[in-house]
Each structure stands twice: as C-alpha cells, then as structure tokens.
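The following paragraphs lead the reader through a two-part topic: side-chain packing and the arrangement of secondary structure. Please consult the model alongside the text.

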Amino acid sequence: MALMPIERGKIREYAAATAAARPAYLDDPQAPVPPTFLATVVFWTPIGETLRSPEVLRACAEAGVAPDLGRLLSLEQEYVFHGPPPHAGETLRTAERLGDITVKRTRDGRAMVVIRFTVAFSDERGDPRAECNYTSAYVQRPAGAGERP
Amino acid sequence: MTGLVPGARLPERTFGPVTLTDIVRYQGASGDLNPIHHDDEFARAAGFPAAISVGMLGAGWLAAYCTEHLGEAAVRRFRTRFSLVVYRGDRLTASAEVVRLFEQDREPRVELAVRLRKDDGSVVIDGTAEFAVP
C-alpha cells in the first residue's frame with residue numbers, strides 16, 4: 001500500500017519516452033495519464049511483492065525453476081480504467097494482490113511458472129480508478145540462446 | 001476519427017529502428033532498470049544474443065498510436081501480450097482494427113485489436129484496446 005501522486009512533469013517525460021508528445025499530455029496542467037503510465041508506480045512502491053510470496057516460491061521449487069527476479073519475463077499487462085484515466089494533480093492509493101499461479105512449458109520445453117497479479121489504484125475518495133493486471137513468468141534457464149519466451 | 005465500424009483499420013504508424021537511446025529513455029521514464037535491456041553482456045549471460053528492448057516500450061508506442069486517433073482521455077482498457085523479443089535496429093509498425101462497438105457503464109465504446117509487428121511480419125505484441133467514443 002502506497003500513495004502515488006500523479007505529476008504533470010512525469011506525464012510529460014513518459015509521453016516523450018513513448019512517442020506520445022501531444023498537447024493533451026504536454027501542455028495541460030491536468031493532463032490524463034497515458035494508457036501504460038501507471039507502470040511508473042515503481043517509483044513509489046516496489047511492485048511484484050507477490051512474486052516472492054510463499055505460494056510462488058513453492059511453485060517454483062516444485063517446477064525446478066529459479067525465482068530469479070533478474071530473469072522474470074513480462075508476458076502480458078492489462079490496464080483497466082473506471083471512467084476517464086487519472087490526471088495530473090491527483091493522488092492515488094495503490095494495493096497489490098496475487099491472482100493465480102500456473103506451471104506451463106515454453107515452446108522448447110522449459111518449465112515456466114506463470115504468475116498473475118494485480119495492482120489496484122483508488123483515488124482520495126476511495127473510488128477505484130484503475131487496475132493493472134500483470135502476467136509474468138519465471139522461466140528455466142535455456143540450454144542455448146532463447147529467442148521466444 | 002470517423003468510420004469506426006467493425007473491420008475498419010486505423011492508418012499504420014512506424015516506430016524505430018529501435019535504438020539504445022529509445023530503450024534507456026523509456027527505462028528512465030518507467031523506472032524499470034533491468035540491465036537485460038541495456039547491458040549486452042548481462043543479456044548474453046541470460047541466453048540472448050544481445051540486450052533486448054523493453055516490452056513496455058512497445059506497449060507504450062502502441063498506446064501512443066491509439067490515443068492519437070481516439071483521444072488521450074478516452075482510454076478505458078489497454079491489454080498487451082508480448083510474444084517476441086525486440087532487438088536494437090528492429091523497425092516496428094503499429095496497426096489496429098475495429099472489433100466491435102458496444103456499451104459499458106452506460107458509455108458507448110469501441111474495441112480494437114492492436115498489433116505491433118517487425119518488418120518481416122512477425123508479431124511482437126498483440127492486444128486489445130477499448131476507448132470511449134462520443
């Protein structure tokens with residue numbers, strides 16, 4: 001749980017970094033966040049704590065996969081907004097929860113522990129504003145160079 | 001934009017060729033400083049021939065492409081699935097096709113199938129975007 005102020009300068013920086021340098025993002029003091037902007041929550045709180053939870057570590061041990069954060073693959077990210085996206089000047093409250101854990105195989109037969117978790121964002125009134133649903137995987141080290149996850 | 005009917009396509013937009021500058025600028029902006037995206041030696045130790053781009057940079061480009069056409073404040077859902085890694089020098093093309101028009105929370109919306117592909121046609125990211133429409 002952490003507070004995340006939505007800052008105009010950060011939106012400007014993020015928009016520039018994603019080739020989204022348009023007036024709505026650059027010039028409006030109450031600029032909306034770009035669709036994937038809430039990924040910057042990591043400046044306010046470490047996310048992925050659920051990736052080190054006992055359930056995940058147990059699944060990795062059983063599958064023979066090292067839960068090495070440096071080798072974590074991001075398979076999917078989904079941002080859901082309840083109405084217009086948050087805008088500069090707001091402060092959001094965040095909370096992370098673990099979804100489910102499944103063990104799969106890569107195309108070349110390596111074990112892969114797939115974890116789904118959610119970071120939820122609510123506003124000062126306590127209303128839900130957005131969720132980011134992450135699907136990430138710890139994958140067994142490849143024998144050679146791996147092109148695909 | 002006009003003509004949001006199922007099957008309609010947005011004009012395509014090209015990004016890149018991806019440079020290390022693109023990658024580190026996104027990493028700085030996003031706070032994801034995983035060295036696998038800018039340190040070739042680190043990436044080789046992990047089994048890749050060179051540092052790989054950030055999946056979320058591609059997602060961010062796709063998001064910029066969609067908001068340019070449908071409005072910055074109109075996004076309601078944006079889902080991206082990463083299917084192929086990207087290396088420096090790859091050029092990426094964004095495309096989108098209208099899947100359906102529907103109503104949710106008493107708001108008319110459009111759903112788009114979005115895609116980012118390399119010049120050889122291989123798909124780097126596919127996903128779904130939903131935007132409120134007037």
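**Aromatic packing and the shared sheet**

A:Tyr14, A:Phe37 and B:Tyr26 together make up one aromatic cluster. The model under discussion is a predicted one. Over all chains, the structure holds four aromatic pairs. One of them joins A:Tyr14 and A:Phe37 in an edge-to-face arrangement, with 5.6 Å from centre to centre and 80° between the planes. Because A:Tyr14 belongs to helix 1 of chain A and A:Phe37 to the loop between helix 2 and helix 3 of chain A, this pair ties together parts that are 23 residues apart in sequence. A:Tyr14 has 0% relative accessibility and therefore counts as buried; A:Phe37, at 1%, counts as buried as well.

Another aromatic pair is formed by A:Phe117 and A:Tyr134, which are stacked at 4.7 Å centre to centre with 5° between the planes. A:Phe117 lies in strand 4 of chain A and A:Tyr134 in strand 5 of chain A, so the pair ties together parts 17 residues apart in sequence. Both A:Phe117 and A:Tyr134 are buried.

B:Tyr26, a member of the aromatic cluster, is also a contact of A:Thr18. A:Thr18 is found in the loop between helix 1 (8-17) and helix 2 (23-26) of chain A. Its relative accessibility is 1%, so A:Thr18 counts as buried. Leaving aside neighbours within four places in sequence, its contacts are B:Tyr26, B:Gly60, B:Trp61 and B:Ala64.

The discussion now turns to the sheet. Its 10 strands form an open sheet with antiparallel pairing, in the order 1(A)-3(A)-4(A)-5(A)-2(A)-2(B)-5(B)-4(B)-3(B)-1(B). Strand 1 (2-5) of chain A and strand 1 (13-15) of chain B stand at the edges; each has a single partner strand, so one side of each is left without a neighbour in the sheet. On average, and with direction ignored, neighbouring strands of this sheet are turned by 25° against each other.

Within chain B, strand 3 (residues 92-104) and strand 4 (residues 107-118) pair in the antiparallel sense over 12 bridges. B:Arg100 stands opposite B:Glu111, which is in strand 4 of chain B. The charged end of B:Arg100 sits over the ring of B:Phe102, 3.9 Å from the ring centre.

Helices also lie against these strands. Helix 3 (residues 54-63) of chain A lies across strand 3 (91-105), strand 4 (111-122) and strand 5 (128-139) of chain A, and runs at about 20° to strand 3 of chain A. Helix 3 (residues 55-70) of chain B packs on the sheet, where the strands it touches include strand 2 (72-81) of chain A and strand 2 (75-82) of chain B; its direction makes about 145° with that of strand 2 of chain B.

Methods. Residues are numbered from 1 along each chain as its sequence is written. Chains are lettered from A and ligands numbered from 1 in the order in which they are written. This is a predicted model: local features need pLDDT of at least 70, side-chain atom pairs count only at pLDDT 80 or more; totals for chains, interfaces and linings use all residues. Side-chain values use heavy atoms; hydrogens and water are left out. Two strands pair if DSSP finds at least two bridges between them. Helices (H or I, at least four residues) and strands (E, at least two) are DSSP runs, numbered from the N terminus. Axes are lines fitted to C-alpha atoms, for helices over the stretch in contact, and angles run from 0 to 180 degrees between N-to-C directions. Contact means heavy atoms within 4.5 Å. Buried means under 20% relative accessible area, exposed over 50%, partly exposed in between (1.4 Å probe, protein chains only). Rings of Phe, Tyr and Trp (its six-membered ring) pair if their centres lie within 6.5 Å; planes under 30 degrees apart count as stacked, over 60 as edge-to-face and the rest as tilted. A charge sits over a ring if NZ of Lys or CZ of Arg is within 6 Å of the ring centre and within 35 degrees of the ring normal.
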